[in-house]
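Subject: Handover of a structure and notes on it

Dear colleague,

I am passing on the structure below, together with my notes on a few of its strands, helices and aromatic rings. Please read the notes with the structure open beside them.

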Amino acid sequence: MENAPVQYLVRSINGDAGGSVLAVRKGADDEQLLAIFADASCQDFVLFGDHYCLALSYKGELALVDLATLQVEKRLKQSRRYDRLAVSGDHSRAIAYHCNPGLVQVIDLASFQTTARYNLVQKRDDDKFDLLEKDHETLKAEGTPWDSIPTSDGSLSEETRDDSPFLRYASDVPSGLRQMRFSRSARAVFRADGSVVLPFEFFKYTGPSWISDPRPKKPSIEKMIEVSDGVAVFDLDRQTARFDVLRTRLQGMPPSSLPVRSFSPDGMTAIVPAFEPVRLSPKAPETSGLFQKVFGRKSAGDYAMALEIWDIGGQPTLQRTIPYRVIAGENLLRTDTQRFNEAELAQGEREIDLIFKGIEAAYLDRLDDWRSSSARRAEDQHFEPLEQAPAYNNPAYNRVAQPSLFAATVKRLMSLDPQPFSSFPWEKCEPRQCKFFKSLIGSWSRHCEHGTDALLWLTNEHFLTLSRGGRGRIISTGGDLGSVYQLSHPDGSEWKYWSGYDMTVDLQPGLNAGFELRVHGDHWEIDWPKSNLSPMEPAQSVQPVKALRVHKKDLKENERLRKKVDRMTAKIRRGYVKVSGRDTNNIVSGLEDLSRAVRAHLPEIVVDHRWAPALYYRGKPIIEDEFCDILVADPSEVGIRALDNLLTAFLDATEEDPQNVWHPDDQKPTMGPVTMALMKMTSRLPSSVMRFYAGRDMNHDMWTYQAFEEMGLSDERLLSADLVTLQIRLAIQDICTGNMNPNIFALYRLPLVSDVLQRNSQLVPEISKVIVDQTEAQAPHFTWASSEGVAGVLAAISDELNKGQAAEKGLAVALMDEAKSRGHLASPAT
C-alpha cells in the first residue's frame, strides 16, 4: 500500500472460512475491526482522501469503506477476479487490474460503477495501441480465438509462432491484437494528467535451449526465454496505450523475476533491479567511502547489486545505477531454508570450478582448445558417472545460490566481462555450462529480491528500501545515500526474519512520520532516523535502530483472531438465517429462508469452493449434519419437503455453472448429508437426489461411499428399486475413475443385490438393464473409460463378475453381449 494517509493505519485480516475484516486504527487509538468481505479474503486495498479505503476481495468484489464511521458505504459485486487497485489523485476514479492475463477495469468512484473494461490491445500505425474488450464469442466470430493472440511487444512483423508454446494461430495473417501481461511487483500509479502507469512483462519462448539430461532413454530439454520489462501508459480518456520496453533479458523457465519494483507517487520514475552486478571503482565518489566504512573493507575489486533509476515521464531513459549491497557472502541472505554442511559446500565449490573452466573458455573464445584439454576430461570424468545414475537430478553446482558460493562465482564472472549475464555465450556453451548459468541467473534474481524486499516512497525523489535481513537505508533518485541501519527489537535482540520463500514484508507509512512494518504476523513500529543524504557515506559502520514497539502475536492469539473474523463475516454473509429454536417447526422455517437465499445469492454464500449451510440459534450455528439429524429424528412431510426444496434450490442455482462445493473439511460434499437424510426419511427418493448424484465429483468424493456403509437402513429399503439404481450409478462412477476395481457387487451395499440374484436369477435382465442405462447416462463424464466408451465399461464390469455363480455368469454374458453389440471386440464371457 503506497501514499496512505498516516492518520489511519489499516491492515486486512483473513479468516479460516474465507471472509475478511479490516483492522482500523485512528492515530494512537486501539484497533477496531470491521467485517468487510463475507465470502472471500481481502486481495488488496488502498487508502485515499482523508478517511476512505477502497478494498478488493479475492472474488473481485469492491468495497468503499469510510474509515471515520467504520461503515461500508458502497459495494460493487462482479464475477471477474483482479489482483491490485489504484486510485486517481483527484479520487474521481480507480482501476482494478488482473495481471496474467492482463485485464483492466475502470471504476467511477462517485457512482461506484464500472465505466470501461479492457482485456486486449491492438497495434496502431503510430506505435500506440487501442484498448479493447472482446469476449470469447466475439473473438471466435472474428476468427481470432483467444489462443491465437500473442503477447509480443514488437511490431506486427514480429508476431511469430514462437511467442508462446501454447499459441495456436487461427490465421497466418497477423491480426494486430495483443494480450497484456502485467507484473504484481509494482502498483499501478495515476499521473496528474489522468493517465495510468502499469508495469508489464512480455515473454518470448525463443531463447537458447540445450539437452540437460544426456541419458538417451530420457532426453530432457531446458530452455531460456526472452523477457521484456517495461512500462505501460494508459490514456483512459482516449482509450489508447503505449508500451515502452525498458530492457530485454534472458531468464530461465519457469522465469525468475527482476521486474519493475516500484513507481514514484507522481508516476514519473521507475525503480528496476539491475540485471548485472556493478563493479565498484575506488575512484568513484559515491562509493569510495561507502563500502569501506560500512563493510569495513576496501572497495577496490568489490561488486554490488544495484537499483536502476528510470525517468519514464517521456521516452524512458536510464538516469543512473545506484549500488546498494556488496556481493559478499556475509552480506547475502540465504534464498531458501535448506542448509548445507561443509562437505556439501566443498562438493559444490569443486563442481563449480570444474564447470567454470568451460565458461572461461567460452568468454575467451577458446572453446575448441578447451574441448580437447585436460580440464574438459576432468569435468567428464566427474560428471558422466553421476549423470548416468538414476537419481542424479540436482548436481552440487546448483547450490550456487548459497551466499559464499554465489559471491565467489560472481567475482570470477566479473573478471571475464563487466556484463556477464547479458554477454554469456549460450549458443557456444556445452549443456552443463548452460544449466549452471541458468541456475546462477535464478540465484541472482532471488538475492536481488531479498536485498530490496520492501520499498516505500517518502517523496517523489526519496524512498526507503529494506532487505529481508532487516537492513535498510534511504536513497534519493539522484543517487545520494543515507546511512545504513540495522533493525533490532526494542530490547536489543536481533532481527530474526531473514530466510524462507514464504516471508512477506509489508512496509507502510506510520504515525508521526514513522513507519509500520508487518512480517510473519508481527507488527513493528519504527521511527527511522532522518540521516543526511550525500554521495559520501559518513565515517561510521552499520548503525542499529531499535523499533519503538513490536506487537507479537503467538499462535493461540492468531487462532483466536481468525475465529473472531469467521464469526464477524458469517453475520454479514448471505444465508445467515436466524431461528428461534432447534425444534422441527423452527428448522423447517429456517430452511425455507435458506432455500430462498441459495436461489438468489449462491455465489455469495459459497466461499471459494466451500459452503457450510447453517441456521443460527442464539448465535450458534446449526450446521447441515445437525439440522438433518433433527429432521430425521422427527420425520414429517414438511421436513422432507424442506430438505428437498433446499437441495433443489442448490441444484437450480448451479445448473448453468456446476460447482463442486464442499464442507470446510474439503471432504464432505455440500448437500451430501441432505441426500442421506432424504434416503432415510422417504420410501421413494425425490428426483432431486438422483439429480444431485448425476453431477457428483466422482474423482474426489470418497465421503459418499463411507456414508452409505454407515447408513442404518433396512435391507428391504436398500433393495428397493430407487436405491438399487442409485447405488449402481455411484458404483459405476467410482469404477470409471479408475480408483475402484470393476467388481460392481463389491461396492456400496450391492452385495445384497448379489445375494438376491443368487436366489432369483430371473432378475438378471432387470439388473442388466439398470447397469446399461446408468452407464449410458454417465458416458460423457467417464475418466479412464472415456476412450473405451459404454462398451468398454460394460465389458470391464462383465469380466469381474463371479462366473462360478450362475446368476452372475448370466449377467456377465448379458453385459458382454451388450458390449459386443456396441462394437467391443472381446469374446463373450464363458
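In β16, F190 has V196 as its bridge partner. This is a predicted model, in which local features need pLDDT of at least 70 and side-chain atom pairs count only at pLDDT 80 or more, while totals for chains, interfaces and linings use all residues. Residues are numbered from 1 along each chain as its sequence is written, and side-chain values use heavy atoms, with hydrogens and water left out.

To stay with that first strand: β15 (residues 189-190) and β16 (residues 196-204) run antiparallel and are joined by 2 bridges, where strands (E, at least two residues) and helices (H or I, at least four) are DSSP runs numbered from the N terminus, and two strands pair if DSSP finds at least two bridges between them. The two strands form a hairpin with 5 residues between them, and G194 in the turn has a positive phi of about 95°. On β18 (residues 220-235), β16 has an antiparallel partner joined to it by 9 bridges, and there P199 stands opposite V231.

How many of the residues of β16 are buried? The count is 9 of its 9 residues, with buried meaning under 20% relative accessible area, exposed over 50% and partly exposed in between (1.4 Å probe, protein chains only). In a regular strand the side chains alternate between the two faces of the sheet. In β16 both faces are covered, with V196, L198, F200, F202 and K204 buried on one side and V197, P199, E201 and F203 buried on the other.

A further sheet is open and consists of 4 strands in the order β8-β9-β10-β11, with antiparallel pairing. Its edges are β8 (84-87) and β11 (113-118), each of which has a single partner strand, so one side of each is left without a neighbour in the sheet. From one strand to the next the twist averages 20°, with axes being lines fitted to C-alpha atoms (for helices over the stretch in contact) and angles running from 0 to 180 degrees between N-to-C directions. Within this sheet, β9 (residues 93-98) and β10 (residues 103-108) pair over 6 bridges in the antiparallel sense, and A94 stands opposite I107 in β10.

Turning to the helices, α7 (residues 403-414) packs against α9 (residues 431-451) at an angle of about 115°, with the axes 11 Å apart. That makes α7 roughly perpendicular to α9 (65 to 115 degrees, with under 35 roughly parallel, over 145 roughly antiparallel and the rest oblique). In contact (heavy atoms within 4.5 Å) are F406, T409 and L413 of α7 with F436, F437, L440, S443, W444 and H447 of α9.

Finally, the aromatic rings: those of Phe, Tyr and Trp (its six-membered ring) pair if their centres lie within 6.5 Å, and planes under 30 degrees apart count as stacked, over 60 as edge-to-face and the rest as tilted. By this rule there are 26 aromatic pairs. One of them joins F424 and W426, whose ring centres are 4.8 Å apart and whose planes stand at 80°, so the pair is edge-to-face; F424 is buried at a relative accessible area of 4%, and W426 is buried at 7%. The rings of Y485 and W528 are also edge-to-face, because their planes stand at 75°, with the centres 5.8 Å apart. This pair links distant parts of the chain, 43 residues apart, with Y485 in strand β28 (residues 485-488) and W528 in the loop between β31 (522-526) and β32 (543-546).

Best regards
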